[in-house]
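Here is a brief report on one protein model. It moves from the whole chain to one strand, then to one residue.

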Amino acid sequence: MNVRRAEFRDTQEISDLMTQLGYDASSSLLDRKLTEFSTSPIDAVFVAEISGTIAGCISCHITSLFHQEGSAGRITSLVIDQEKRGMGVGKLLVSEAEAFFHLHGCVKSEVTSGDHRPEAHAFYKSCGYKQDERRFLKLYS
């Protein structure tokens, strides 16, 4: 298994993975996002490959904290191909994201997971994350 930065050639496979989680992330959207992130030192997308096929993807971002020293790392998406789950792909990708966060001086990392994903909650707990506080969301149209 190999982990590397996502490249433009990966966007269709990543888009297909995102649909497994119910996200409509087109390859053209992902192309735009990878272009945007390519010049940003605080945004990264990593993929895990098994035999040349993308088995999973993680996006991570860094935010400077105002109320304390350092920054926070945030995982904004993690998806593993449903046929590759349970093989260590997710843990490898989370480890890669955490290494990225440590490299950039983050003092904590966080991830949001919907109430309807109990398997994901168990996974994050197995990676050392604990449930903390409540998220409030306001959408703009």
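The text below covers overall form, then strand pairing, then a single serine.

**Overall form**

The model is predicted. The protein holds four helices and five strands. Along the sequence they follow the order β-α-α-β-β-β-α-β-α.

How does the radius of gyration of the protein compare with that of a compact globule? The protein has 15 Å, and a compact globule of 141 residues would have a value near 14 Å, so the two agree. The C-alpha trace spans about 45 × 35 × 35 Å along its principal axes.

Buried residues account for 37% of the 141 residues. Contacts across the sequence are frequently long in range: among those between residues at least 6 apart, 61% join residues at least 24 apart. The accessible surface is about 9,100 Å². Carbon and sulfur atoms own 51% of that surface.

Charge comes next. The protein carries 16 positive and 19 negative side chains. The centres of these two sets lie 5 Å apart.

**Strand S4 and its partners**

Strand S4 covers residues 71–80 and is mostly covered. Eight of its ten residues are buried. S4 pairs with S3 and is also joined to S5, as tabulated here.

| Partner of S4 | Residues | Sense | Bridges |
|---|---|---|---|
| S3 | residues 53–64 | antiparallel | nine bridges |
| S5 | residues 106–111 | parallel | five bridges |

Which residue of S4 is the bridge partner of cysteine 57? It is valine 79. Towards S5, glycine 73 stands opposite serine 109.

S3 and S4 form a hairpin with six residues between the strands. In this hairpin, glycine 70 takes a positive phi near 90°.

A general point on strands helps when viewing the model. In a regular strand, side chains alternate between the two faces of the sheet.

**Serine 71**

Serine 71 has its place in strand S4. Is serine 71 buried or exposed? Its relative accessible area is 14%. The cut-off for buried is under 20%, so serine 71 counts as buried.

What does serine 71 touch, leaving out residues up to four places away in sequence? The contacts include Ile62, Thr63 and Ser64. Leu65 is also touched. Gly105, Cys106, Val107 and Lys108 complete the list.

Technical notes:
Residues numbered from 1 in each chain as written. Predicted model: local features only at pLDDT ≥ 70, side-chain atom pairs only at ≥ 80, totals over all residues. Heavy atoms only, no water. Helix = DSSP H or I, 4+ residues; strand = E, 2+ residues; numbered from the N terminus. Rg over C-alpha atoms; globule rule 2.2 N^0.38 Å. Buried < 20%, exposed > 50% of the residue type's maximum accessible area, 1.4 Å probe, protein only. Contact = heavy atoms within 4.5 Å. Areas by Shrake-Rupley, 256 points an atom, 1.4 Å probe, with all protein chains shown as cover. Lys, Arg positive; Asp, Glu negative; His and termini not counted. Charge placed at Lys NZ, Arg CZ, Asp CG, Glu CD. Pairing = 2+ DSSP bridges.
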